[in-house]
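The following questions and answers ask how particular descriptions of a structure are justified. Each answer sets a computed value against the criterion that applies to it.

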Amino acid sequence: MLTDSTRTQDGNQRALIDVIDVKKSYVTNLVTTPVLHGVNFSMQRGEFVAIMGQSGSGKSTLMNILGCLDTPSGGDYLLDGKQVSALSRAQLAVLRNKTIGFVFQSFNLLKRMTIQDNVALPLIYAGVSRAEARRRASQQLENVGLGEYGQRQPNQLSGGQQQRVAIARALVADPPLVLADEPTGNLDTKTSVEIMSLLTRLNREAKQSIILVTHEPDIAAYASRLVRLKDGLVLYDGPAATGLQQMRSEQSEQELGMPANEVSE
Ligand SMILES: Nc1ncnc2c1ncn2[C@@H]1O[C@H](COP(=O)(O)OP(=O)(O)OP(=O)(O)O)[C@@H](O)[C@H]1O
Ligand SMILES: [Mg+2]
């Protein structure tokens with residue numbers, strides 16, 4: 001029988017991400033500040049999850065842990081079935097390269113490299129030959145509508161185009177998971193819509209799993225599931241539409257000083 005690495009021994013679909021009671025504290029000047037107080041969260045392949053929460057609620061801290069850029073102070077994190085805390089630095093780097101593509105608010109493209117070489121970089125790190133890496137980078141640039149732009153430098157592109165390059169770079173090694181921390185934070189509304197349409201298409205057509213942090217309800221509305229953090233705990237985890245409706249009610253309650261269900265239409 002063929003073995004399928006995305007399934008457990010009893011044939012069930014294995015979660016891509018399993019966060020079990022994850023805690024995180026930072027220690028600065030001998031003072032310990034707890035940030036995550038026991039976060040539980042799991043995600044299947046192909047899901048599109050938005051993470052929201054006030055500034056300082058721990059969103060980026062959680063994303064850094066999910067991306068294996070930082071380690072939890074307590075609890076367990078399983079990525080693609082592997083216990084991350086049990087891995088050596090080298091094993092972690094391999095797992096990260098293979099499993100995750102990152103998209104940041106500030107694009108993080110290398111200024112002195114062409115667009116094509118920026119996109120090819122994760123493949124070069126993975127040991128793919130330069131010629132093959134460039135070929136696949138060009139293909140991925142086509143996929144995000146930037147096939148003509150491969151030989152330009154990042155500063156010769158608009159902000160939205162640079163973010164599309166960053167998405168192409170995140171996808172080029174075909175990772176099962178894309179982590180995006182406020183990918184539209186530096187973009188205007190029209191460009192944000194373009195980026196979100198692209199991510200939605202990748203999720204629907206390529207079944208790309210996506211976790212995206214945002215402050216904007218309009219952006220979170222593109223996701224199918226919403227996770228809200230408050231003071232380092234999960235406040236809501238469920239359908240995005242329901243969660244966003246709940247947020248709107250809370251806001252009108254605050255603005256009007258009375259429960260939303262008492263406000264006449
Ligand atoms: N490296 C660090 N050392 C010490 N404290 C940190 C560190 N990184 C984050 N913090 C603290 O942890 C808390 C959560 O930070 P985090 O960056 O996760 O928030 P966030 O939800 O992403 O906020 P924002 O919406 O502003 O990006 C904050 O109080 C922050 O000051
Ligand atoms: Mg943040």
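Q: What makes the sheet with the order β6-β7-β8-β3-β9-β10 open or closed, and which strands are its edges?
A: In this predicted model, the sheet of 6 strands is open, with mixed pairing. Its edge strands are β6 (100-104) and β10 (233-239), each of which pairs on one side only. From one strand to the next, the twist averages 15 degrees.

Q: How do you know that strand β7 and strand β8 pair, and in which sense?
A: Two strands count as paired if at least two bridges are found between them. Strand β7 (residues 177-181) and strand β8 (residues 209-213) are joined over 5 bridges, therefore they pair, and the sense is parallel. Within this pair, Leu179 stands opposite Ile211 in β8. Helix α5 (residues 159-171) packs on the sheet, where it touches β6 and β7. The direction of α5 makes about 165 degrees with that of β6.

Q: Why is Ser55 called exposed?
A: A residue is exposed if 12 or fewer other C-beta atoms lie within 10 Å of its own. Ser55 has 7 other C-beta atoms within 10 Å, so Ser55 is exposed. Ser55 lies in the loop between β3 (48-52) and α1. The C-alpha atoms of Ser55 and Val19 are separated by 21 Å, and the two residues are 36 apart along the chain.

Q: Why does Thr191 count as partly exposed?
A: The partly exposed class lies between the exposed limit of 12 or fewer neighbours and the buried limit of 20 or more. Thr191 has 17 C-beta neighbours inside 10 Å and therefore falls in that class. Thr191 is found in helix α6 (residues 189-205). Leaving aside residues up to four places away in sequence, Thr191 touches Gly159 and Gly160. Between Thr191 and Asp218 the C-alpha distance is 13 Å, with their positions 27 residues apart in sequence.

Q: What makes α1 mostly covered?
A: Of the 8 residues of α1, 6 are buried. These are Lys59, Thr61, Leu62, Met63, Ile65 and Leu66. Just after α1, Cys68 takes a positive phi of about 60 degrees.

Q: Which residues are around ligand 1, and which element gives the most to that shell?
A: The residues around ligand 1 are Tyr26, Thr28, Thr33, Val35, Gly53, Ser55, Gly56, Ser57, Gly58, Lys59, Ser60 and Thr61. Two or more residues each come from β1 (17-28), β2 (31-43) and α1 (59-66). The most come from α1, with 3 residues. By class, this shell has 2 nonpolar, 9 polar and 1 charged residues.

Q: Which members of the largest nonpolar core touch the most other members?
A: Among the 63 residues of that core, Ala50, Ile51, Ala168, Leu179 and Ala223 do so. Helix α5 gives the most to this core, with 6 residues. Apart from residues up to four places away in sequence, Ala223 touches Phe48, Val49, Ala50, Leu212 and Ala240.

Q: Which residues of helix α3 are buried, and what do they pack against?
A: In α3 (residues 115-125), the buried residues are Ile115, Gln116, Asn118, Val119, Ala120, Pro122 and Leu123. The buried residues of α3 pack against α2 (89-99), α4 (130-143) and α5. Just after α3, Gly127 has a positive phi of about 90 degrees.

How values were computed:
Residues are numbered from 1 along each chain as its sequence is written. Chains are lettered from A and ligands numbered from 1 in the order in which they are written. This is a predicted model: local features need pLDDT of at least 70, side-chain atom pairs count only at pLDDT 80 or more; totals for chains, interfaces and linings use all residues. A residue is near a molecule or strand if its C-beta atom, placed from the backbone, lies within 6 Å of it. Helices (H or I, at least four residues) and strands (E, at least two) are DSSP runs, numbered from the N terminus. Ala, Val, Leu, Ile, Met, Phe, Trp, Tyr, Cys and Pro count as nonpolar, Asp, Glu, Lys and Arg as charged, and the others, Gly among them, as polar. Axes are lines fitted to C-alpha atoms, for helices over the stretch in contact, and angles run from 0 to 180 degrees between N-to-C directions. Two residues are in contact if their C-beta atoms, placed from the backbone, lie within 7 Å. A nonpolar core is a set of buried Ala, Val, Leu, Ile, Met, Phe, Trp, Tyr and Cys residues joined through C-beta atoms within 7 Å.
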